[in-house]
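Here are a few exercises to work through with the structure open beside you. Try each task before you read its solution.

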Amino acid sequence: MVQDRRIVALFIGSISLLAFIIGGPLIYAVMLSFYSARSFMSEPEWAGLSNYIKVLQDPLFWNSLTNGLTIALSSIVLQVVLGVGIAMVLNKRFLGQTVARSIAILPYFLPTVVACLVAQWVLEPNYGLVKSALASIGVGMLDWSSHAFTAKGTIILVSVWLWTPFVVTCVLAGLQTIPTQLYEAARVDGAGAWTQFWHITIPGLRSVLIVVILLRGIWMFNKFDLIWLLTKGGPLNQTETLPTLAYRKSFIEYNLGGGAAVATISFLLLSGVILIYLRLFPIDDAKQGR
Amino acid sequence: MARISLQNVSKSFGGDQGPWAVNKFSLEVEDGELVVFVGPSGCGKSTTLRMIAGLDDTTSGTITIGGRDVTGLPPKDRNVAMVFQNYALYPQKSVYDNMAFGLRVRGEAKQEIDRRVRAAAASLDLESLLHRKPRQLSGGQMQRVALGRALVRDPDVFLLDEPLSNLDAKLRVKMREEIATLHARLGATMIFVTHDQVEAMTLGDRIVIMRDGLIQQAGKPLELYDRPANTFVAGFIGSPEMNLIDGQLSDASGRLEVRSGDLSVGIPEKTFARSGQNVTLGIRPEHLVISNGSPLEMTVNLVEQIGAQTYLMGTLAGHKMRAVLQRRDEIRAGDKLPIAFPSERLHLFDSTSGASLRMAQTGGKIGVMENA
C-alpha cells in the first residue's frame with residue numbers, strides 16, 4: 001500500500017510538472033492571442049478576435065502556410081524515400097556494415113546551427129565550394145538565397161541531409177522485425193524483389209512508417225531554427241513559414257498578440273491534421289484492416 | 001507431380017572445405033512418394049530441404065526435379081511449394097489473399113485464381129475464414145492456410161519444414177492425419193522434415209534418418225524399426241529407446257554370446273562379428289519378455305502405467321534397462337522379474353563404429369553410409 005501511494009504521488013507529481021511546463025505556456029500563448037500587446041512588459045489590452053481576423057486576412061499568412069506545407073511535405077517524402085532505401089542497403093550483410101551504419105547516422109548528431117553554417121559555406125555564391133567547383137568547369141553560380149525555388153530547395157536539401165538518418169534508424173529497426181521466412185515464402189511463391197518490397201517490406205514497415213511520418217511531419221511543420229538560420233524567411237517571404245511568421249510578428253514587429261494568433265492557428269491546424277492522420281492510419285496494429 | 005533426385009548434394013556454410021552441414025546426400029524420391037527427413041536439430045535435414053526448394057545454394061552436387069536439373073535455378077523456377085514451421089503467412093493479407101498471392105504473382109487469370117483458392121479452401125475447411133487475417137486464426141487454422149497456399153499452386157513437389165512443431169500435441173495428431181489424407185488424395189510428391197520420430201513413422205512412405213549432415217539410413221518405417229543400420233538409428237526410432245548394452249563377443253562356452261560383467265546373452269550365428277570383438281547388444285523394451293525360469297533377473301526401480309501398457313525401468317546385472325509390457329497392474333518398484341531376451345529380437349552393433357553387425361544392407365534404396 002505504501003508503495004502504491006508512492007507510485008500515485010510520483011504519477012501526480014510528474015503530470016503536474018508536465019502540465020506546468022507544457023500547459024502553462026500554451027494557455028498563456030492562447031490567451032495572449034486575444035490581447036494586443038507591444039511587449040511582455042506592457043499591459044495587454046483586450047482585443048477579442050481582431051488578431052485572428054487580421055491574421056486570416058493577411059496574404060502573408062496564407063503564403064506562409066503554403067510554404068510550410070510545401071517544405072514539410074517535400075522534405076518528408078524525400079526523407080522517407082531515401083531513408084527506406086538507405087536502411088534496406090544497410091540491412092544487407094556486407095563487409096564494413098557496422099562502419100557504414102555509423103556513418104549513416106552521423107548527420108543526425110550535428111547541431112542544426114553547424115549544419116546550416118556548413119551548408120552556407122558550401123553554397124555561398126561568391127566563394128563557396130560549389131561556386132569554385134562550378135567555376136573550374138566554366139559555369140557560373142546562382143545565388144540560391146535570392147530565388148524562391150532555390151531557397152526552398154536548399155532548406156529541403158539541408159533538412160533531408162540532417163534528418164534522413166532518423167528515418168534510416170527507425171526503418172532499420174523495423175526491417176529487423178520482419179521475419180525472413182516471409183521473404184522465403186514469397187520467393188517460393190514466385191515473387192521477385194519488387195513484389196517482395198511492396199507486399200512484404202512496406203506492409204511490414206507500416207507501423208514504423210506511420211510513426212516516422214507523423215513525427216517528421218510535426219517537426220518539419222514546426223521547424224524554425226533551420227529556416228531562420230538559412231534564409232530568415234527570405235527572399236521576400238518566399239520561405240516564410242508559420243513559425244517564422246509568428247516569430248517575426250512577436251519579436252521583430254513587436255506584435256505579440258498577432259504572433260500568438262499565428263502560433264495558435266498553427267497549433268490548431270497541426271492538431272487537426274494529426275487527428276485525421278491517426279484516424280486514417282491507426283498506429284495500433286490490431287486495428288489494421290479489420 | 002515429379003520424381004526428385006539428389007546426387008552427392010553437399011552444403012557447407014564455411015566455403016568449399018567444410019564443415020559440412022550436408023555431406024554427399026544422395027536420394028531418389030519417387031513420383032508421388034512421401035519421404036520424411038528426420039534427425040536431431042543440426043543434422044542437416046532442413047538445409048537439405050531448403051536446397052531442394054532453392055532457398056539455399058548447394059556447395060556441390062546436383063538436384064533434379066522431374067528430370068530437369070534445377071541445381072542453379074531460383075525457387076520460383078522449380079515449381080515447388082513450401083510450408084514453413086512458423087507458417088510464414090503474410091500478416092497483412094487475408095487468408096484468401098495469402099492463398100492467391102502465388103497465383104497472382106504468376107499472372108494467373110482472376111477467375112482461375114478464385115476457382116483454385118475456393119477449391120483449396122473447401123478441401124481444407126477454410127471457407128468461413130477466407131476474409132480473416134492470420135492474426136485472427138488459431139495455430140491449426142494458420143497451418144491449414146499455409147497448406148492451402150501450397151495446394152493452390154499445384155506444384156510438382158510439396159516441401160514441408162517441421163510444419164507441425166508449433167502445434168499442441170492433440171492438434172499435431174489431427175494435422176498429421178490431415179496431411180496423410182491430403183497426400184493420399186493428391187498423390188503428390190512430398191518431403192516432410194521433422195525431428196519427431198512418431199511423425200516420421202506414421203507419415204512416411206520412406207524415412208531418411210540424418211545425423212551430422214550424413215544419411216544414417218533410409219528405408220520404410222518398419223525396416224528402420226526392425227533392422228536399424230547403426231546404434232544411432234536404433235536409439236532414434238522407437239519409443240521408449242532401445243536398450244543398448246556394451247560388451248564383448250565370446251565363444252568360450254561353445255556358443256556365441258555377448259558378455260558384459262555378470263550378464264551373458266546368447267546370440268544367433270547370423271553375424272559378421274568375431275569372438276573377442278567389442279560389441280553393443282540391443283533389444284527394444286517391448287521385446288523383453290517375462291519368462292519364469294530365466295536366470296536373468298531385473299530389479300524394477302520405477303513403474304509407469306500409461307493405460308494399455310506398463311513401462312518399467314530397472315537394472316539387470318548392473319545395466320539400466322527399460323521394458324514395456326502389456327498392462328500389468330501388480331508390478332511394484334522393488335520387484336524382481338525374471339527376464340528373457342528372445343534371440344530373434346536381438347540387435348548387434350560394432351562398439352566402435354556403431355554399425356550393425358547383423359545384416360549386410362538395409363531394405364531402403366540407398367546403402368548405409370559408413371558411420372564416421
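**Exercise 1.** How far apart do the C-alpha centres of domain 1 of chain B and domain 2 of chain B lie?

*Solution.* Keep in mind that this is a predicted model. Start by finding the two parts: domain 1 of chain B covers 4–231, and domain 2 covers 247–350. Now take the C-alpha centre of each one, and you get 40 Å between them.

**Exercise 2.** Work out how helix 2 of chain A and helix 12 of chain A are oriented relative to each other, and which residues make the contact.

*Solution.* First, locate the helices: helix 2 of chain A is residues 50–57 and helix 12 of chain A is residues 256–280. Next, look at the geometry: they pack at an angle of about 70°, and their axes are 9 Å apart. Angles of 65 to 115 degrees count as roughly perpendicular, so that's the word for helix 2 and helix 12 of chain A. Then pick out the contact: helix 2 of chain A brings A:Asn51, A:Tyr52, A:Lys54 and A:Val55, while helix 12 of chain A brings A:Gly257, A:Gly258, A:Ala261, A:Val262 and A:Ile265. Sort these by class and you have five nonpolar, three polar and one charged.

**Exercise 3.** Follow strands 11, 12 and 13 of chain B and find the bridge partners of B:Glu257.

*Solution.* Begin with strand 11 (residues 243–250) and strand 12 (residues 257–260) of chain B: they run antiparallel and are joined by three bridges. Here B:Glu257 stands opposite B:Ser250. This hairpin has six residues between the strands, and B:Gly254 takes a positive phi near 95°.

Move on to strand 13 of chain B (residues 263–266), which is antiparallel to strand 12 and joined to it by four bridges. On this side, B:Glu257 is partnered with B:Gly266. Two residues sit between strands 12 and 13 of chain B, and B:Gly261 in that hairpin has a positive phi near 60°.

**Exercise 4.** Describe the side of chain B that touches chain A.

*Solution.* Count first: 17 residues of chain B are in contact with 16 residues of chain A. Then ask which elements of chain B give two or more residues: they're strand 6 (80–83) and helix 2 (95–105). Finally, split the chain B side by class: 11 nonpolar, three polar and three charged residues.

**Exercise 5.** What percentage of residues 156–178 of chain A is helix?

*Solution.* Check the record first: an unreviewed UniProt entry annotates several stretches of chain A as "transmembrane region", including 156–178. In the model, residues 156–178 of chain A are 87% helix and 0% strand, with end C-alpha atoms 31 Å apart.

Key: Residues numbered from 1 in each chain as written. Chains lettered and ligands numbered in written order. Predicted model: local features only at pLDDT ≥ 70, side-chain atom pairs only at ≥ 80, totals over all residues. Contact = placed C-beta atoms within 7 Å. Nonpolar A, V, L, I, M, F, W, Y, C, P; charged D, E, K, R; others polar. Domains from an automatic or database assignment. Axes fitted to C-alpha atoms, helices over the stretch in contact; angles between N-to-C directions. Parallel < 35°, antiparallel > 145°, perpendicular 65-115°, else oblique. UniProt positions renumbered as here; feature names shortened; annotations may be inferred. Pairing = 2+ DSSP bridges.
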